[in-house]
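Open the model in your viewer and keep the sequence panel beside it. The tour below goes from the whole chain to its interior.

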Amino acid sequence: MSILRNKKMMVLMVLVLSLSLVLTACGGAKKAEEPKKEEPKAAEKIKVALIAPLTGNIATFGQSTKNAVQLLVDELNAKGGIDGKQIEVVYEDEKNDPVEGTNAVQKVITQDKVIGIIGSVASKVSLAMAPIAQSEGVPMISPTSTNDKLTNAGDYISRACFKDSFQGYVMAKFAGENLGAKKAAVLFDVGND
């Protein structure tokens with residue numbers, strides 16, 4: 001019985017000692033405050049926009065693009081950003097609607113003060129956005145807009161994919177030379193630029 005009593009006493013003493021150390025640490029002399037970690041100032045960030053159909057009939061393309069952009073931004077920021085500046089992305093949903101796209105591009109340029117725009121993924125929206133970005137001198141790059149007219153908006157407008165006329169030529173050449181096709185049919189939506 002005395003061994004059991006001694007063990008209980010020992011446990012109790014350890015608990016009391018631990019508790020007193022915790023309480024002493026919480027009160028008494030003030031510890032030197034650690035310097036606060038400040039967030040980078042707005043000027044120390046690189047602010048860009050992604051304007052894409054995050055909702056609507058082609059939201060899957062917008063969401064995929066958003067995920068890819070966020071993955072890259074997270075990786076770059078984890079490595080210190082670009083030239084020591086963190087990247088911030090402003091996301092705008094244009095719902096695959098040219099009017100929504102023009103509203104979004106005006107907002108990110110005038111209110112959010114972005115230095116560049118990624119978007120949109122659909123030609124009909126990118127074609128509506130491009131003249132605004134061009135007139136404001138804000139670079140815009142579309143990851144997937146293939147309409148030949150897109151880059152005619154000016155030297156601030158780019159694409160990261162092939163244009164329709166080149167894709168059509170390559171497909172026709174492949175069909176003729178590799179598949180031996182002599183005829184082709186094209187199905188298209190007259191309402192889609």
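Helices and strands here are DSSP runs, numbered from the N terminus: a helix is a run of H or I with at least four residues, a strand a run of E with at least two. The model is a predicted one.

Start with the whole protein chain, coloured by secondary structure. Five helices and five strands should appear. Followed along the sequence, their order in the protein chain is α-β-α-β-α-β-α-β-β-α.

Next, switch on the surface. The protein chain exposes about 13700 Å², and 60% of that comes from carbon and sulfur atoms. Of the 193 residues in the chain, 27% are buried. Taking contacts between residues at least 6 apart in sequence, 49% join residues at least 24 apart.

Now hide the surface and select Ile51, Val105, Val108, Ile109, Ile117, Met129 and Met140. These residues have the most contacts inside the largest nonpolar core, which has 18 residues. Add β1 (45-52), α3 (98-110) and α4 (123-136) to the selection, since each supplies at least two residues of this core. Which element gives the most to this core? It is α4, with five residues.

Stay in the core and centre on Ile109. Which residues is Ile109 in contact with, leaving aside neighbours within four places in sequence? Show Val114, Ile117, Ile132, Ala133, Glu136 and Val138 as sticks: these are its partners.

Finally, select Ile46, Ala52, Leu54 and Val69. They are among the nine residues of another core, which lies apart from the largest one.

Definitions and conventions. Residues numbered from 1 in each chain as written. Predicted model: local features only at pLDDT ≥ 70, side-chain atom pairs only at ≥ 80, totals over all residues. Heavy atoms only, no water. Core = buried A, V, L, I, M, F, W, Y, C linked by side-chain atoms within 4.5 Å. Buried < 20%, exposed > 50% of the residue type's maximum accessible area, 1.4 Å probe, protein only. Contact = heavy atoms within 4.5 Å. Areas by Shrake-Rupley, 256 points an atom, 1.4 Å probe, with all protein chains shown as cover.
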